[in-house]
Amino acid sequence: MSDDSPTRQEPAVKAVRRAFSSPVATVLVLALTVVWTIPTVGLAITSIRPAGQVADTGWWTWFTNPSVTLDNYRTVLVEGGFGVSGGLFPYLVNSLAITIPAAILPLAFASMAAYALAWVRFRGSDTIFFIIFALQVVPLQMALIPLLQLFSGGAHLGSVQIIPALNLGGTYFPVWLAHTMFALPLAVFLLHNFIAQLPHEVMEAARVDGASHLRIFRSIVLPLATPALASFAIFQFLWVWNDLLVALTFAGGTPEVAPLTVRLAQLSGGFGSRWELLTAGAFVSIVIPLIVFFALQRYFVRGLLAGAVKG
């Protein structure tokens, strides 16, 4: 029975491939892409239109009467105004200062942990991997208040202080630590599944040549796992960049550490119906994630397709 199962699965796999590569499927994908892109196009056009035209006409009329101005971006990024002091630029820098370390740190720790759990056999490794996998079910919201109390006042057992107060308020460190801890279970799980499928012959040859685990990890595992690392980096970057709850909880709303999402939430109330300014601020917030995605797109696709085809 087991010998016949691959043969029986081949026609089904070929049928699925033919269905998704048919002209009808191609047209549907193109139509869905256009529909999905329309709101982004409208956002970009509204952000470069004068305030009077935005208030009087829809964004689609721009194609018949094009008019471009960068005043909206200057007001949002630098000047502020309309009851909101200061622009978005310092918060944009804060978002980069939060997102880049919060994407790199979990990748660094998770890749080392995934390699150790996949190729360094020790007693209890399967149990540790199962515990890490089970941590994914813990809701993020349940850990916010305990972590905030830990960062601000330490940990106590009755009247005995176990962990001293870290006094990390007003810095990036609580946000980095929180995002790293919340991302590690999923990152270890995904990277472990990819690293565990690396060619066994290559790993054995490296061991025979006397390579240490550090040398194998640095010279073999990291280059081969680049698609998986890039795929998770994209997801983590987008998650941290668009996050409001964690940043608002651990960074607050101070201009020194607050990210762009916190400021945009304030602008929605400060600017009210100034759609040209709101759309300019919103478009600024999506430009950098788009750049990151398109820059790592080829690795992202390779990571999704990794292991899908044998041979």
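**Entry 1: the cavity**

I began inside the protein, where helix 5, helix 8 and helix 11 each supply at least two residues of the lining of the largest cavity. Helices here are DSSP runs of H or I with at least four residues, strands are E runs of at least two, and both are numbered from the N terminus. A note to keep beside everything below: this is a predicted model, in which local features need pLDDT of at least 70 and side-chain atom pairs count only at pLDDT 80 or more, while totals for chains, interfaces and linings use all residues. Residues are numbered from 1 along each chain as its sequence is written, and side-chain values use heavy atoms, with hydrogens and water left out.

I looked up which helix gives the most to this lining, and found helix 5, with 3 residues. The search ran on a 1 Å grid over the protein atoms alone: a cavity is a set of points where a 1.4 Å probe fits but cannot get out, a pocket is an open set with protein on both sides within 12 Å along at least five of seven lines, and lining residues have an atom within 4 Å of a point. Grid points are joined across faces, edges and corners, and the volume is the space filled by probe spheres set on them.

By this rule I count 1 cavity of 30 Å³ or more. The largest cavity holds about 40 Å³ of space. Its lining includes Ser95, Ile98, Thr99, His179, Trp241 and Asp243. I sorted the lining by class and got 6 nonpolar, 4 polar and 1 charged. For the classes, Ala, Val, Leu, Ile, Met, Phe, Trp, Tyr, Cys and Pro are nonpolar, Asp, Glu, Lys and Arg are charged, and the others, Gly among them, are polar.

**Entry 2: His179**

Next I picked His179 from the cavity lining. His179 sits in helix 8 and is buried, with a relative accessible area of 2%. Buried means under 20% relative accessible area, exposed over 50%, and partly exposed in between, using a 1.4 Å probe and protein chains only. Beyond its neighbours within four places in sequence, His179 is in contact (heavy atoms within 4.5 Å) with Ala102, Gln236, Trp239, Val240, Asp243 and Val246.

**Entry 3: the pocket and Phe182**

I then moved to the largest pocket, which has about 520 Å³ of space. Among its 19 lining residues, those closest to the centre are Leu140, Met181, Phe182, Ala183 and Pro185. Helix 7 (140-153), helix 8 (173-195) and helix 11 (226-242) are the elements that give two or more residues to this lining. Helix 8 has the largest share, 8 residues. I found no charged residues in the pocket lining, but 16 nonpolar and 3 polar ones.

Phe182 belongs to helix 8. Is Phe182 buried or exposed? Neither quite: it counts as partly exposed, at 25% relative accessibility. Setting aside residues up to four places away in sequence, I see Phe182 touching Leu140, Ala143, Leu144, Leu147 and Val246. Phe182 and Ala143 are 39 residues apart along the chain, with 9.1 Å between their C-alpha atoms.

**Entry 4: Ser111**

Back on helix 5 (residues 89-119), I checked Ser111. Ser111 counts as buried, because its relative accessibility is 5%. Where does its side chain reach? It comes to 2.8 Å from the backbone oxygen of Leu107, and to 2.9 Å from the backbone oxygen of Ala108. Leaving out residues up to four places away in sequence, Ser111 touches Pro106, Leu191, Ile195, Phe217 and Leu229.

**Entry 5: Arg49**

I went to a loop for a change: Arg49 lies between helix 2 (23-47) and helix 3 (51-56). Arg49 counts as buried, because its relative accessibility is 2%. A polar contact of 2.7 Å joins its side chain to that of Thr57. Such a contact is a pair of N or O atoms within 3.5 Å; within protein, one must be able to donate a hydrogen and the other to accept it, and residues adjacent in sequence count only if both atoms are side-chain atoms. Not counting residues up to four places away in sequence, what Arg49 touches includes Trp59, Trp62, Asn72 and Glu276. Leu70 is 21 residues from Arg49 in sequence, and 8.3 Å from it, C-alpha to C-alpha.

**Entry 6: the whole chain**

To finish, I noted the totals. The protein chain has 15 helices and 4 strands, and 34% of its 311 residues count as buried. Of the contacts between residues at least 6 apart in sequence, 70% join residues at least 24 apart.
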